[in-house]
Amino acid sequence: MLDREPACDHLRRDHRVIEERLDILLAALMNLTSERIPEIQATVRDLQDLAAIHFLKEEQIFYPKLRPMAADLLASLDHQHEEVRELERHVAELLAEPPEDPDSRWLNDLRTFGIEFHDRIQHHIVDEEDHLFRLAGERLVPEDQQSLARAMEHVHGGL
Ligand SMILES: [Fe+2]
Ligand SMILES: [Fe+2]
């Protein structure tokens, strides 16, 4: 059943799972207190795990297929992945050793970078769905979509 799913549907499904975590992160950041730090740490860890597998599927399997058809678009999506990774590293570093009694400056930093991290991922997802998946929908035949999806299932299962 699953291996008949088109690649775009597979990636969209990942996006919806990532967005659930993004909503939880944003809600916690908007009402940030030191008591919420463990919840934010867990949510960011979930996002790191989800994004690692998802980016791998895109960079190793989906992007290479579309790159010859839209080099500029793919270069800009590569760049967005790098920006997301950079922010993710920064947020994870902040959360790695939070102060015992965080002051408002530290909390403000976490809020600022956490919201930026959220916004970049959300923006990237919209860009992919509006531009890349639309192109893929027009240019890939169903057999391509299915074989890409099968390869991506393998990435998921392999990690
Ligand atoms: Fe992506
Ligand atoms: Fe994506």
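F133 is buried in this predicted model. Its relative accessible area is 3%, which falls under the 20% cut-off for buried residues. F133 has an aromatic partner, F62. F62 is buried as well, at 0% relative accessibility.

The two rings form the one aromatic pair in the structure. Their centres lie 5.7 Å apart, and their planes meet at 90°. Planes over 60 degrees apart count as edge-to-face, so the pair of F62 and F133 is edge-to-face. The pair also links distant parts of the chain. F62 sits in helix α2, while F133 sits in helix α4, which covers residues 104-139. In sequence, 71 residues separate them.

Helix α2 leads on to the metal site. This helix spans residues 37-66 and carries E58. E58 is a donor to the iron ion (ligand 1). The other donors to that ion are H81, H124 and E128. Both histidines bind through NE2, and both glutamates through OE. The coordination distance is 2.1 Å. Along the chain, the donors of the iron ion (ligand 1) follow the spacing E-x22-H-x42-H-x3-E.

What is the geometry of the site of the iron ion (ligand 1)? It is irregular. The angles among its four donor atoms run from 87 to 176°. A tetrahedral site needs all angles between 85 and 135 degrees, so the upper value of 176° rules that class out.

E58 has a second partner. It bridges the iron ion (ligand 1) and the iron ion (ligand 2). The two ions lie 3.3 Å apart. E58 and H81 also tie together parts of the chain that are 23 residues apart, because E58 lies in helix α2 and H81 in helix α3 (residues 71-96). Are these two donors buried or exposed? E58 counts as buried, at 0% relative accessibility. H81 is buried too, again at 0%.

The last stop is D14, in helix α1, which runs over residues 7-30. D14 has a relative accessible area of 14%, so this residue is buried. Which residues does D14 touch, leaving aside those up to four places away in sequence? They are H54 and K57. With H54, the link is a polar contact between the two side chains, at 2.9 Å.

Key:
Residues numbered from 1 in each chain as written. Chains lettered and ligands numbered in written order. Predicted model: local features only at pLDDT ≥ 70, side-chain atom pairs only at ≥ 80, totals over all residues. Heavy atoms only, no water. Helix = DSSP H or I, 4+ residues; strand = E, 2+ residues; numbered from the N terminus. Buried < 20%, exposed > 50% of the residue type's maximum accessible area, 1.4 Å probe, protein only. Polar contact = N/O pair within 3.5 Å; in protein donor to acceptor, adjacent residues only side chain to side chain. Contact = heavy atoms within 4.5 Å. Donors = N, O, S within 2.8 Å, 3.2 Å for Na, K, Ca; no water. Tetrahedral: all angles 85-135°; square planar, octahedral: opposite > 155°, others 65-115°. Phe/Tyr/Trp six-rings, centres within 6.5 Å; stacked < 30°, edge-to-face > 60°.
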